[in-house]
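Student: Please take me through one part of this model up close. Pick a piece of the core and show me how it fits with its neighbours. Then work outward from there.

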Amino acid sequence: MLPPQRIAGRERRAFQWRTASPWTTCVRVACCSRLRFMWFVLMFLTVLCVALQMLGVVRQARSAKVLKLVSEQLVRMPAEIHRPIKRKDWENLWSVSAAFAEEPVDQHPLHLHSSSIQRKDESENPRSEERREQVLEDTRKKLTSTTKAAPPIEANKLWLGQEFPNQPQRPAFPKRTPEIKKPPHSDDNNDKYRLKSQADNTVTCQPKKHIVFLKTHKTASSTILNILYRYGESHNLTFALPLNMHSQLFYPAFFAAHFVEGVRTRSVKEFHVLCNHMRFSSQEVRKVMPKDTFYFSILRNPVVMMESLFVYYKAIPAFRAVKSLEEFLIQGGRSYNASVPNNHYARNILTFDFGLDNTAPENDTELDRRSAEVITAMERDFPLILISEYFDESLVLLKHALCWSLDDVSSFRLNSRSERSRRPLSAETADRVKEWNSLDWRLYQHFNTTFWKRIDSTLGRTELQQEVELLRAKRRNLEQMCLREGGAVDPAQVQDSSLKPFQYGAAVIQGYNLRLALNNDTRQLCQRLITPELQYTSALYTKQFPQLAAARAAAAKKIAASRNTATHRAVKRNIETNVHTAMLNNTSHNNTNKAIVDEHSSHILANSVVHNERQNYFDAKKQHKEIKRNT
């Protein structure tokens, strides 16, 4: 128990705490409590922050004052001194700097010039103004003398490797060389990187390696895909291939960057070519491809394309219920429903592939507005649109646009139907197709016109025809060198199963047979020319992602083995079930037969018993009659 004195002291201090003013309480808590160290730290940090803030304000004011003085000096200087430095000045900078290096730093004109800017000379001081003019005159004379004595630029290349501040890098200007005339049918490939200018001079160009090709449906796009595959494989380019070894980029969904193999895992640093089937999305494509990518696509006349689509996609809901394309159009597309999956193939498929709205316009005014919007969007994203009806001319135009050679664009027709599966359309049916696919028809009309305008403005019809003839001659030579029958054959006649094209719908897709006596290099070239799309895509995926391809192959083998095992077990189970059922049937049949036999035997025995009883009765009656007679 505490003594009374201590209890009284506690009560007195407690009373003082309760009756003290708030400020006194704060001071006592800050200085006498256990939290006083924290209070001291917070106060120190607060004072420090205020001091730093004030120091920053002072420095900012001083910097503003200095900048103001410098700007006043620059305003009073002649405009010739602070003009932008031209390219010739940068070319002579190396020689000027070499001459300056021989003098002391204080005597350099540039040093004197910079020091004169930093001095606080007022305009009313005539001596400083005369000195400044003298310094500028000396600087001009020094620059002129050293520039005249500088060696030529070609003899001194050291400046090309230097990086000067605030000066853009020197662009690679095209070199002009005298035109080298060649025979019209020469096989020389020295024109690979030369384009003809309007001044009859050849201008060198660099082949484009970043390419996006929007692969449209039934427009000879598989042939162009093969061209891009061959060029990319021979030049070690990286393809933006579909995820998980698919053949399409998850079409008909809008393209997304993660549809490409290697984007999520970041295993590929740079993609060069994007060319598989997709529904175009500009923003997502630019997430995958570099800024200098060249975009192009191909169109086809919607009339003949509609006939091909009807044969190839006969199984879709829109075409399934009708017997012919004429019947479908006469009915006004009654079986067409845009909300049903896969029915997008039946109407304005080109507009759909470009990622635009393919619904039919309600009237001509809306058709004009919508078609103008679609054309504007396509021209913004695609500087080159090819035309399938002029395929060879398109290949020549593509060769010049990409700065390739004719050998690079030489090809065979791939994924092409046989003639017996084609049927011409009447003029009335063609008009119905144009009305049904009104947006696609407007696109085709516009870009067919711009196609020939581009040819007239770049090549000219005469040079175009010469290169087309040369391209066709190269194709004929390749056909004689590579193909056994000299052309395409039906799929049943393709002997190599790995080169058989994929068959879909009612169309008969033709393939090729290679000659037997070919060396390795020639056979490899010819095999690349005739490899179908699915097989070539799979081969490039295996080459580009060997580990993923091996893992998928192993998983496919396991799935196939499990399926075979399951099938074997199911067959064995069925056999055992059938055998067991047969045995049960035989047993029941035997039991039934035995019962029948037993029943028959018992019936016979009963009949014999009855017969014996009747015979005994008759015998007894006969004996009774004889006894009665004798009596």
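Tutor: Start with a term. Two strands pair if DSSP finds at least two bridges between them. Keep that in mind for what follows. Also remember that this is a predicted model.

Now look at strand β6, which covers residues 294-299. Of its 6 residues, 6 are buried. Buried here means under 20% relative accessible area. Side chains in a regular strand alternate between the two faces of the sheet. Follow that in β6. One side carries F294, F296 and I298. The other side carries Y295, S297 and L299. Both faces are covered, since every one of these residues is buried.

Next come the partners of β6. Strand β4, residues 211-214, pairs with β6 in the parallel sense. There are 4 bridges between them. Find S297 in β6, and you will see L214 opposite it. Strand β7, residues 384-387, also runs parallel to β6. Again, 4 bridges make the join. Here L299 has I387 of β7 as its bridge partner. So β6 has β4 as one partner and β7 as another, and 4 bridges count as pairing because at least two are needed.

Move on along the sequence to helix α10, residues 302-312. Y312 belongs to this helix. Is Y312 buried or exposed? It is buried, because its relative accessible area is 9%, and the cut-off is 20%. Look at what surrounds Y312. It touches K218, F502, Y504, G505, A507 and I509, leaving aside residues up to four places away in sequence. Take G505 from that list. In sequence, Y312 and G505 are 193 residues apart. In space, their C-alpha atoms are 4.7 Å apart.

That pair fits a trend in the whole chain. Consider the contacts between residues at least 6 apart in sequence. Of these, 72% join residues at least 24 apart.

Now go to helix α15, residues 391-402. It has 12 residues, and 12 of them are buried. Charged letters appear on that list too: D392, E393 and K399 are among the buried residues. So are L395, V396, L397 and L398. From first C-alpha to last, α15 reaches 16 Å, close to the 16 Å expected at 1.5 Å a residue. After the helix comes C403, with a positive phi near 60 degrees.

Helix α17, residues 427-436, holds T429. Its relative accessibility is 3%, so T429 counts as buried. The T429 side chain makes a polar contact with the side chain of S426, at 2.9 Å. Beyond residues up to four places away in sequence, T429 touches E326 and L329.

Helix α18 spans residues 438-458. Does its length agree with the rule of 1.5 Å a residue, or disagree? It agrees, because its 21 residues should span 30 Å and the end C-alpha atoms are 31 Å apart. An α-helix has 3.6 residues a turn, so residues three or four places apart point the same way. Use that to read the buried residues of α18, which include W441, Y444, N448, F451, W452 and I455. After α18 comes G460, whose phi is positive, near 95 degrees.

One more helix. L478 sits in α19, residues 461-482. L478 is buried, because its relative accessible area is 14%. It touches S410, F412, L483 and L529, not counting residues up to four places away in sequence. S411 is 67 residues from L478 in sequence. Their C-alpha atoms are 8.6 Å apart in space.

Now step back. The chain holds 22 helices and 7 strands. Of its 631 residues, 36% are buried. The chain exposes about 40000 Å², with carbon and sulfur atoms supplying 56% of that.

Last, check the confidence. The average pLDDT is 78, and 63% of residues score at least 70. Over residues 77-124 the pLDDT is below 50, though this stretch has 66 contacts in the model beyond near neighbours in sequence. Residues 146-201 also have a pLDDT below 50, with 76 such contacts.

Terms used: Residues numbered from 1 in each chain as written. Predicted model: local features only at pLDDT ≥ 70, side-chain atom pairs only at ≥ 80, totals over all residues. Heavy atoms only, no water. Buried < 20%, exposed > 50% of the residue type's maximum accessible area, 1.4 Å probe, protein only. Contact = heavy atoms within 4.5 Å. Areas by Shrake-Rupley, 256 points an atom, 1.4 Å probe, with all protein chains shown as cover. Polar contact = N/O pair within 3.5 Å; in protein donor to acceptor, adjacent residues only side chain to side chain. Expected span 1.5 Å × (residues − 1). pLDDT = per-residue confidence, 0-100.
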